[in-house]
Amino acid sequence: MSEAGRVPSPATPLVVAAAAPEERKGKEPEREKLPPIVSAGAGATAGLDRGAKGQISTFSSFISAVSPKKEAAENRSSPAHLIFPNIKNVRDQPPISLDVRQKQRISMDASSSEVKAPVLPECILPIQPKTLKDFQEGVEKVKSSGDWKAVHDFYLTTFDSFPELNAAFKKDVTASFNTIEDSGINAKFVNAVYDTLINTPQDIQKTNPQFNNTSTYVIYAHLLRQIATLVEADHHFLVHWFKKLSQKRFKQLVERLLQFISLRLFPAKPEEFPPITKCSWWIPSAAKVLALLNTANNLVLPPLIPYTDFYNSTLDHIDLMEEYHTWQNFGNSHRFSFCQYPFVISIAAKKIIIQRDSEQQMINIARQSLVDKVSRRQRPDMNMLFLNMKVRRTHLVSDSLDELTRKRADLKKKLKVTFVGEAGLDMGGLTKEWFLLLIRQIFHPDYGMFTYHKDSHCHWFSSFKCDNYSEFRLVGILMGLAVYNSITLDIRFPPCCYKKLLSPPIIPSDQNIPVGICSVTVDDLCQIMPELAHGLSELLSHEGNVEEDFYSTFQVFQEEFGIIKSYNLKPGGDKISVTNQNRKEYVQLYTDFLLNKSIYKQFAAFYYGFHSVCASNALMLLRPEEVEILVCGSPDLDMYALQKSTQYDGYAKTDLTIKYFWDVVLGFPLDLQKKLLHFTTGSDRVPVGGMADLNFKISKNETSTNWLPVAHTCFNQLCLPPYKSKKDLKQKLIIGISNSEGFGLE
């Protein structure tokens, strides 16, 4: 089997390159069952098959072999024959991406900046036909004369074969690439040739397809497969070269691949494509190439494009649970599932997967409780199907902690809350209020569990030592219950918290394995303590003598209950001075101490609390940023979007009272808009699907206009009396939304 044929099973989540080096030492995995790579002719090897001896096919013959139309360029003479040497000696690179089930973090930046690539033997290559300046001058002359023959000939010659391509675009025709830092390609020339091509007449474009037309997708699919089946070393180079593309061109590549997948899934004209049974490898190949681009994007800070630009909204309309179950059941086989490449699945689609997975778990737990009750010949009680919380408002935290501890086995049942002494029936609204009040109390500075940092407007775990960390576990359970029951919380944790929460995404079976520990940088610290992070950055960039100017040692000093305590960052740290040579180590150890080691017990309790509820493989599909959105929703309110999606009962949107209402609400400052949202829905955060997902309704309340508005938070419903003036409506609405808490008005 050729080296190009040694690729991993696409069913392994997030795998985009070859198997790990340890696996390659044994038996190579079986190659994905794809159509054979097009040959240049009898006796020739596969077009891009490395490690085998043979000819390099001409580019025109490659095109003609997969395209129903044969262009005149096909008859050009073949180039000089080249032989690729075996490249096993360069394959021991860290894999681009690992199985998402393992969640191992291997930094591509840790790779050597120079990786030796195969050295091509000397051979006769075409002479570079044009420079960038020559090409641009030629194009200007063509535009003036209107005769495109010279440009047409240039494209026919340049793209006729791989040696011609090398001659045209390589900076040094005879040199082989040997570094991840420089591809050796004249990128400016390539971009100029591409930009010119898309503005040329159609007959020229037909001989050089841009793959934005479905008629060229057969060729495009074969090109994608060639890239997808390259060996790991080549993927390694490609990823580092991709990250050097401009944002515009990088985004174009991603959008074209996403469009290719969408049109293959839902073709506007099915007759333009081969039968799906004959091209089932199209989408897996495109997904692998997208994975290379996604990896490249993640290596750049800031990323070239937002991670949301990799979302394919078309996937929102397929059977997501079938994809999820395929991934669950055949994760290490050759069965393809989009869940292997979760970066293309939108957060809305992931929320659906998590919700349905949670609902199924709820049903299974409730069914088991019912079966157990019946098997013991006991009378079933409907309350046994729910996680029933009975709490007093005056003892909210202690009652909640006692209830959750006592009913730990029921955490995966549907949540229902009752406030002692109140007649409210929980249809969702009391649950929302319980979350809101409990979070507000736990995160109060006087409670001492979390420290609020004014500069970053976020909370972080207190490093104070204590005998019992059960309340941190309670906060984790609350977050887990919120995700499990589709409730958004007003929690302000930094992004680093969610990265730690997914480290690892599934509780390890070995209790000795540390949890909640992830690699952290000064950038992570900056999101919590920007002033301290700035000071550490100044230390790193200081041009003078660090030891004399800063006079620091490998120690951290923290105040605990009025007492300053010191902690060594490494053994004997109090006797080790920070110097120009070891300052990077000092900053890394300092950051790791603050974000990992000093709060390990607190965060471990929080981690186990969260995962005691959300123990689902679906979490492995999520990025840290997506977990934050699921937990907290979005703080960005779009009242115009809410206006568009609002439903009416007893009113029409053209009624005068409704016009008054929206004039008032759209003119509210942000704090009053948040109060309105909290008054009507029980939360001031926007859910994952946006305002439309709130199903907000305004109903007519046939009462006196002296009454205040009434809200049913269970149903996101506002009952509005028919006020006769805008002034009266505004006054009553502000009073109502500013003074409501509990079951009724306080």
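Angles between helix axes under 35 degrees count as roughly parallel, over 145 as roughly antiparallel, 65 to 115 as roughly perpendicular and the rest as oblique. The model is predicted, so local features need pLDDT of at least 70 and side-chain atom pairs pLDDT 80 or more, while totals for chains, interfaces and linings use all residues. Residues are numbered from 1 along each chain as its sequence is written, and side-chain values use heavy atoms, without hydrogens and water.

**View 1. Helix 19 packs against helix 21.** Helix 19 spans residues 530-541 and helix 21 residues 583-595. Their axes lie 9 Å apart, at an angle of about 165 degrees. The two helices are therefore roughly antiparallel.

**View 2. Residues in the contact of helix 19 with helix 21.** Helix 19 contributes Leu532, Leu536, Leu539, Leu540 and Ser541. From helix 21, the contact residues include Tyr586, Val587, Tyr590 and Leu594. Contact means heavy atoms within 4.5 Å.

**View 3. Strand 10 and its two partners.** Strands pair if DSSP finds at least two bridges between them. Strand 8 (residues 697-700) pairs with strand 10 in the parallel sense over 4 bridges. Strand 9 (residues 710-712) runs antiparallel to strand 10, joined by 3 bridges. Leu718 is the bridge partner of Ile698, and Ala711 also stands opposite Leu718.

**View 4. Both faces of strand 10 are covered.** On one side of strand 10 (residues 717-720), Gln717 and Cys719 are buried (under 20% relative accessible area, 1.4 Å probe, protein chains only). Leu718 and Leu720 are buried on the other.

**View 5. The hairpin of strand 9 and strand 10.** The hairpin has 4 residues between the strands. Asn716 takes a positive phi near 55 degrees.

Notes:
Axes are lines fitted to C-alpha atoms, for helices over the stretch in contact, and angles run from 0 to 180 degrees between N-to-C directions. Buried means under 20% relative accessible area, exposed over 50%, partly exposed in between (1.4 Å probe, protein chains only).
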